[in-house]
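These are my notes from a first look through a structure that was new to me. I went from the whole chain to one residue and then to the nucleic acid.

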Number of protein chains: 2
Amino acid sequence: MANLNLHIDFRSETPITTQIVEQIQNRVLSGELKPGDQLPTVRQLATDLRVNFNTVARAYRILDSMGLISTQQGRGTYIWSAGQAENRERERRQAFEQLTRHYLRDALALGFSMDQIRALLETQIEQLNHTQTAED
Amino acid sequence: MANLNLHIDFRSETPITTQIVEQIQNRVLSGELKPGDQLPTVRQLATDLRVNFNTVARAYRILDSMGLISTQQGRGTYIWSAGQAENRERERRQAFEQLTRHYLRDALALGFSMDQIRALLETQIEQLNHTQTAED
DNA sequence: ATTAAAATTGTATTATTGTATCATTGAATA
DNA sequence: TATTCAATGATACAATAATACAATTTTAAT
């Protein structure tokens, strides 16, 4: 059962359900989740995220209606498709824009300035580069 | 659920909302309320104080914007940080760094480069400025 | 191999909790 | 006295949680 490594921000302006939907969507678009992969049960993921399992179930149902996953009562939830190749690029771009929009909204809501955002991004990228090279 | 034991003076010059804000603030500063503690629901506290629940909700929202509590629709209201301005500032910073880490992780996983991230951030900030000024 | 009970998994419905918008009140002021 | 505006209240709404349910799989007895 795939470890999704999702992160919920309870203070975010984005509802929990939406956060789950978007992050699973992104995992599929990035290839971290592949067709056939089984997702955690609604109760398991809910426990991990410290959320009511109905919230996860709602997210799964939305993803199901989007055709991204297949939920089956009594069986579990599986990744359905990786999307059509021609739409893939557009969807990836849209996900990127949405991700950025929400990040900006939450960072600004926390009271940080654009300059501070730029600065922290550079700092963290620097750190990532270091840990990467250290692992080589 | 913490018993706040607040007292409202209806004859006071100070608005009810302000009285609630200040008293909860004091409970946090004095350590009577600790991070993670759940506050009464807006309706429960409103009943106790014999005021409209919107008044409590307003007070909660102010405390939220101050970074003292976290209000979550459907879940309740929780103390977010210890009252010392110093602690609040540190926790705000930590939240910002975590937010940014997760954003970077997801954006990079989607296959976008640091240059693309920088560019999109600037674009979206530009758009935000436009919609803001357009609303004036 | 069969089958029935138990466990697991998602679904449906209702209750709870905070949010948004507009209406009302009452005191300050022209 | 009339007007205006901040504070509060009323109402409808949106997000999440609680509870009971239905479908499927698993387990164990025969």
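How much area does chain A expose, and what part of it do carbon and sulfur atoms supply? Before answering I note that I am working with a predicted model. For chain A I found an exposed area of about 7600 Å², with 47% of it supplied by carbon and sulfur atoms.

Entry on the fold. I counted five helices and three strands in chain A, and reading from the N terminus I wrote their order down as α-β-α-α-β-β-α-α. I then looked up the extent of the C-alpha trace of chain A, which spans about 50 × 35 × 30 Å along its principal axes.

Entry on packing and charge. Chain A has 136 residues, of which 41% count as buried. When I took the contacts in chain A between residues at least 6 apart in sequence, I found that 56% of them join residues at least 24 apart. For the charges, I listed 15 positive and 17 negative side chains in chain A, and the centres of these two sets lie 8 Å apart.

Entry on one residue. I asked myself whether B:Thr55 is buried or exposed. B:Thr55 has a relative accessibility of 13%, and because buried means under 20%, this residue counts as buried. I located B:Thr55 in helix 3 of chain B, which covers residues 53-65, and, with its neighbours within four places in sequence left aside, I found B:Thr55 in contact with B:Ile16, B:Thr17 and B:Ile20.

Entry on DNA strand C. Which residues come nearest to this strand? There are 25 residues around DNA strand C, and those that come nearest are A:Arg43, A:Asn54, B:Val42, B:Arg43 and B:Asn54. Of the atoms of DNA strand C that come within 4 Å of the protein, sugar and phosphate account for 57%.

I also looked for side chains that approach the bases. In chain A, a polar side-chain atom of A:Asn54 lies 2.6 Å from a base nitrogen of DNA strand C. In chain B, an N or O atom in the side chain of B:Arg43 is 2.7 Å from a base nitrogen of this strand, and for B:Gln73 I noted a distance of 3.4 Å between a side-chain N or O atom and a base nitrogen of DNA strand C.

The elements that give two or more residues to the surface near DNA strand C include helix 2 (42-49) and strand 3 (76-79) of chain A, and helix 2 (42-49) and strand 3 (76-79) of chain B. The largest share of that surface, four residues, comes from helix 3 of chain A.

Definitions and conventions: Residues numbered from 1 in each chain as written. Chains lettered and ligands numbered in written order. Predicted model: local features only at pLDDT ≥ 70, side-chain atom pairs only at ≥ 80, totals over all residues. Heavy atoms only, no water. Buried < 20%, exposed > 50% of the residue type's maximum accessible area, 1.4 Å probe, protein only. Contact = heavy atoms within 4.5 Å. Areas by Shrake-Rupley, 256 points an atom, 1.4 Å probe, with all protein chains shown as cover. Lys, Arg positive; Asp, Glu negative; His and termini not counted. Charge placed at Lys NZ, Arg CZ, Asp CG, Glu CD. Near = heavy atom within 4 Å. Polar contact = N/O pair within 3.5 Å; in protein donor to acceptor, adjacent residues only side chain to side chain.
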